[in-house]
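Here are my notes on the model, point by point. Have a look at the structure first, then read on.

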Amino acid sequence: MFKDKVIIITGSVQGIGKRTAELFAERGAKVVINSRTAAKVEATVAEFTAKGHDVLGVTGDVSDFEFCLELKNQTVAKFGKVDYLINNAGLAAKGKITDTQANVYEKMYAVNVLGSLFPTMAFLPEIKKTKGGVLFISSMAGIIGLPSYSAYSGTKRSIVSLAESLKNELVDDEVYIGVNYPGFTENDAKKEILSPSGESKVMIKRDDVKVEPLDKTVNKIIRQIEKRKFRSYSSYKGRALQTMYRLFPTLSLAVLKKNRRKIMDMQ
Ligand SMILES: NC(=O)c1ccc[n+]([C@@H]2O[C@H](COP(=O)([O-])OP(=O)(O)OC[C@H]3O[C@@H](n4cnc5c(N)ncnc54)[C@H](OP(=O)(O)O)[C@@H]3O)[C@@H](O)[C@H]2O)c1
């Protein structure tokens, strides 16, 4: 199904984004690799090219609309069309609202919200031509606001609303829109997280929560696009949380209240 499809995955030099790009490329897709760091984009392109994949690397920040237009132009110049956009680039942050600097929120909303909206705006005219689609990578934290994760939860939930609006706006264009909710997934060793003061630190390996294997999360993403499903969860926990929150929002918040210390103390 993905042979010769042109797929852009933002933030695809490590972690979920890179592995998604790799599995699509193994299925014959032409993939576009992106991140803000030229050296990482170049290294990923070299790695993919050595494996015989058809790949384009474009370095830049997806929270900059002008860059998103450039990303679209370079994609169309090289591959002639666009089938799917996966809005994967995202930042993590942790800290209580009272301890967090305002610029952490600015960064988080810029990258996690505008960094999903702007590529979508830039690529939609091309995606309409192919009747392809756009997938937004949210999180279980986008289902309910977690204590100490207000910036992350707020931004990840915001893109769900964006996807819901788009889904119905684009019905007549037959463009697919989806939201994927990964659970805790094994991290790339280089994954970073913003502290309340705005410092970016390498995230320590999580041993206080059960993490999903990377390929499980990524295979869910690929299967979701294949089936053009609106929502998909990497684990049953995500689906259970969504169902519980929809049916019993007050009870869900009460359960979170009971577990707040555990959540706030997570690494
Ligand atoms: N891992 C998990 O447990 C988990 C769980 C739920 C949801 N998610 C979501 O899944 C997505 C991928 O997560 P991950 O753990 O694989 O993340 P990751 O290891 O931190 O990788 C994210 C990538 O995005 C790039 N990036 C960040 N800001 C960017 C920007 N403004 N423009 C372009 N690229 C940018 C980063 O590269 P540069 O720094 O070079 O730009 C980095 O390579 C994220 O949206 C995350 O919120 C992850």
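1. Ser148 counts as buried, at 12% relative accessibility (buried is under 20% relative accessible area, exposed over 50%, partly exposed in between, with a 1.4 Å probe and protein chains only). You'll find Ser148 in the loop between β6 (133-137) and α5. Its phi is positive, about 75°, although Ser148 is not a glycine. Most residues other than glycine have a negative phi. On the element names: helices (H or I, at least four residues) and strands (E, at least two) are DSSP runs, numbered from the N terminus.

2. Before going further, keep in mind that this is a predicted model, where local features need pLDDT of at least 70 and side-chain atom pairs count only at pLDDT 80 or more, while totals for chains, interfaces and linings use all residues. Residues are numbered from 1 along each chain as its sequence is written, and side-chain values use heavy atoms, with hydrogens and water left out.

3. Asp4 is another one to check: it has a positive phi of about 65° and is not a glycine. Asp4 sits in the segment before β1 (6-9), and is partly exposed, with a relative accessible area of 36%.

4. Now the ligand. Which residues are closest to it? Ser35, Arg36, Thr37, Asn88 and Tyr152 are, out of 29 that surround the ligand (the cut-off is a heavy atom within 4 Å). At least two residues of this shell come from each of α1 (15-26), β2 (30-35) and α5. By class, the shell has 14 polar, nine nonpolar and six charged residues. The classes work like this: Ala, Val, Leu, Ile, Met, Phe, Trp, Tyr, Cys and Pro are nonpolar, Asp, Glu, Lys and Arg are charged, and the others, Gly among them, are polar.

5. For polar contacts (pairs of N or O atoms within 3.5 Å; within protein, one must be able to donate a hydrogen and the other to accept it, and residues adjacent in sequence count only if both atoms are side-chain atoms), look at the ligand's oxygen atoms. An N or O atom in the side chain of Arg36 is 2.7 Å from a ligand oxygen. Gln14 has a polar side-chain atom 2.8 Å from an oxygen atom of the ligand, and for Ile16 a polar backbone atom is 2.8 Å from one. On its own the ligand has 880 Å² of accessible area, and the protein covers 95% of that (Shrake-Rupley method, 1.4 Å probe).

6. How many cavities of 30 Å³ or more does the structure hold? One, with a volume of about 60 Å³. A cavity here is a set of points on a 1 Å grid over the protein atoms alone, where a 1.4 Å probe fits but cannot get out; lining residues have an atom within 4 Å of a point. Of the 13 lining residues, Ala93, Lys94, Gly95, Thr100 and Ala151 are the closest to the centre. Both α4 (102-130) and α5 (150-169) give two or more residues to the lining, which divides into seven nonpolar, five polar and one charged.

7. Two smaller items. Thr155, in helix α5, is buried, with a relative accessible area of 0%, and its side chain makes a polar contact with the side chain of Asn112 (3.1 Å). Ile177, in strand β7 (residues 176-181), also counts as buried, at 4% relative accessibility.

Notes
On a 1 Å grid over the protein atoms alone, a cavity is a set of points where a 1.4 Å probe fits but cannot get out, and a pocket is an open set with protein on both sides within 12 Å along at least five of seven lines; lining residues have an atom within 4 Å of a point. Grid points are joined across faces, edges and corners, and a volume is the space filled by probe spheres set on the points.
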